[in-house]
Amino acid sequence: MHSQNTENKIKGISSALPILKQEYRTDSRLQTPTWNLSCLLRCNLGLIFTFHRREGEMLQKRLRLHPFHHLQWRQTLAMRYPCSGDCHLLADGGGRLANPKLPTSPCHPLDAVPSAGTLATPPPRPISLPDSPSSSSVILGYRWITKFLALVFYAVLLMPGFLQVGYYYFFSSQVRRSIVYGDQPRNRLDLYLPTDSNGSKPVVAFVTGGAWIIGYKAWGSLLGRRLAERGIIVACIDYRNFPQGTISDMVKDASEGISFVCNNIASYGGNPDRIYLMGQSAGAHIASCALVHQAIKESGEGDGTSWSVSQLNAYFGLSGGYNMLNLVDHFHRRGLYRSIFLSIMEGEQSLRHFSPEIVVRNLSARFGVPPLPPMILYHGTGDYSIPSDASASFAEALTSIGVQAKVVLYDGKTHTDLFLQDPLRGGRDELLEDIVSFIHAGDAASLAKNAVAPPARRLVPELMLQLARKVSPF
């Protein structure tokens, strides 16, 4: 009787395969080159429950499966629908898709799945099954809910400053918003211009952070305002985020934005001979990838270039990560789950290609010292989102191959202290002073102006800043 019930469930699953096929074809969220749905069905249909909860619940409802029989019918299905062995999908202990390795050849098409009545049962194969998705989904939901609530509380506490910066962003005559630099969605940038328009100004091309998912050019408005007050033009480059684009799209967008700045900034009062590239958090990773890949092109291993690394005076990396292989597990523990992160990075096999620390070592082995500008990496020692060791390791790799690199550490500063809380606090901003001093080095007139510049005005009360620091989800 027990075996008959299992056979009936298998037949029900076979009848439901056309439903899954249709949902796969019509739902763009499942149409990603990282996973092959056919392999998921053969290896472990339960992964569908974890990766795409809504479709899993619909299928479970249609099949009228009792949740306690979940593992039973899943294992029987795996025996009757064995994968060709090409894809080797793994799952971590929480039931989440982990470390997907792309097949070298496509697995069987969905249409090749036989009906339940014509199956010949092959010998059982040992496979690794994840835990029940219900518990992992509860844990995942709890983590995301708590982080979301912390983010809301964090934003509310900093709202007095955000409102003032937002007013400046939308109504200041010194801000040029949404200048088109490419033909892809979100190929826009914002320019922050100094009030003093006499003479050409140094320029910072800035790539904002946002965990590769929520980045937006307006996030750089506070930095743009502060640097513009010191006579520096800031270009905040927007780019496609996941799932609109993956890491190669983000790097391509950033590179095109840098190209626009290099080739057009003179018409906005910028000095094309004094351009600096800067990125924060995920933006630091994207900007460094664009810089390193541009160096590869200039070494003769890429297509034609529209800008040159030699046009940049320096690179400023703020709270960035540069070796993705070392950060996958860290991000997973912090809530950026492995399956999502590997989708952003286009699979585990692409992590090396999009790890600047690894790429520069390989580039040096082939071409000697790569044509990179001075690299200054800023990081807080209290950063839990991306540990400061990430910057130290990248700087070590750069100096070992002859590139001028320096790490500037700020004792006890968190991931958001340097970029948000400190500028909102007003007064002397240590990071800002370090950047301005580097840019204006050798310019006596600008240094003299900075020496007598009035301190920045406080935008948020200290108590609210301290509370925001404690509840920050970053």
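Rings of Phe, Tyr and Trp (its six-membered ring) pair if their centres lie within 6.5 Å, and planes under 30 degrees apart count as stacked, over 60 as edge-to-face and the rest as tilted. The model is predicted: local features need pLDDT of at least 70, side-chain atom pairs count only at pLDDT 80 or more, and totals for chains, interfaces and linings use all residues. Residues are numbered from 1 along each chain as its sequence is written, and side-chain values use heavy atoms, with hydrogens and water left out.

**Exercise 1. Aromatic pairs**

Identify the residues that ring pairs link into a cluster, then classify the pair of tyrosine 168 and tyrosine 192.

Step 1. The cluster consists of Tyr276, Phe316, Tyr378, Tyr410 and Phe438.

Step 2. The ring rule yields a count of 15 aromatic pairs. In one of these, tyrosine 168 and tyrosine 192 are stacked, at 6.4 Å centre to centre with 15° between the planes.

Step 3. Tyrosine 168 belongs to helix H7 and tyrosine 192 to strand E4, so that the pair links distant parts of the chain, 24 residues apart; helices (H or I, at least four residues) and strands (E, at least two) are DSSP runs, numbered from the N terminus.

Step 4. Tyrosine 168 has a relative accessible area of 14% and is buried, as is tyrosine 192 at 0%. Buried means under 20% relative accessible area, exposed over 50%, partly exposed in between (1.4 Å probe, protein chains only).

Step 5. For tyrosine 322 and phenylalanine 394, the ring centres are 4.4 Å apart and the planes are at 25°, so this pair is stacked as well. Tyrosine 322 lies in the loop between strand E8 (312-318) and H11, and phenylalanine 394 in helix H14 (residues 389-400), so the pair ties together parts 72 residues apart in sequence.

**Exercise 2. Two buried polar residues**

Determine the side-chain partners of asparagine 187 and aspartate 238.

Step 1. Asparagine 187 sits in the loop between strand E3 (175-180) and strand E4 (188-192), and is buried because its relative accessible area is 0%.

Step 2. Its side chain makes a polar contact of 3.3 Å with the side chain of aspartate 253. A polar contact is a pair of N or O atoms within 3.5 Å; within protein, one must be able to donate a hydrogen and the other to accept it, and residues adjacent in sequence count only if both atoms are side-chain atoms. The backbone nitrogen of glutamine 184 is 3.0 Å from a polar atom of the asparagine 187 side chain.

Step 3. Aspartate 238 occupies the loop between strand E6 (233-237) and helix H9 (247-264), and counts as buried at 2% relative accessibility.

Step 4. The side chains of aspartate 238 and arginine 186 are joined by a polar contact of 2.9 Å.

**Exercise 3. The largest pocket**

Establish which helix gives the most to the lining of the largest pocket, and how the lining divides by class.

Step 1. The lining comprises 40 residues, with Leu151, Gly210, Ala211, Ile214 and Phe474 nearest the centre of the pocket.

Step 2. H6 gives the most, with six residues.

Step 3. By class there are 28 nonpolar, 10 polar and two charged residues. Ala, Val, Leu, Ile, Met, Phe, Trp, Tyr, Cys and Pro count as nonpolar, Asp, Glu, Lys and Arg as charged, and the others, Gly among them, as polar.

Technical notes. On a 1 Å grid over the protein atoms alone, a cavity is a set of points where a 1.4 Å probe fits but cannot get out, and a pocket is an open set with protein on both sides within 12 Å along at least five of seven lines; lining residues have an atom within 4 Å of a point.
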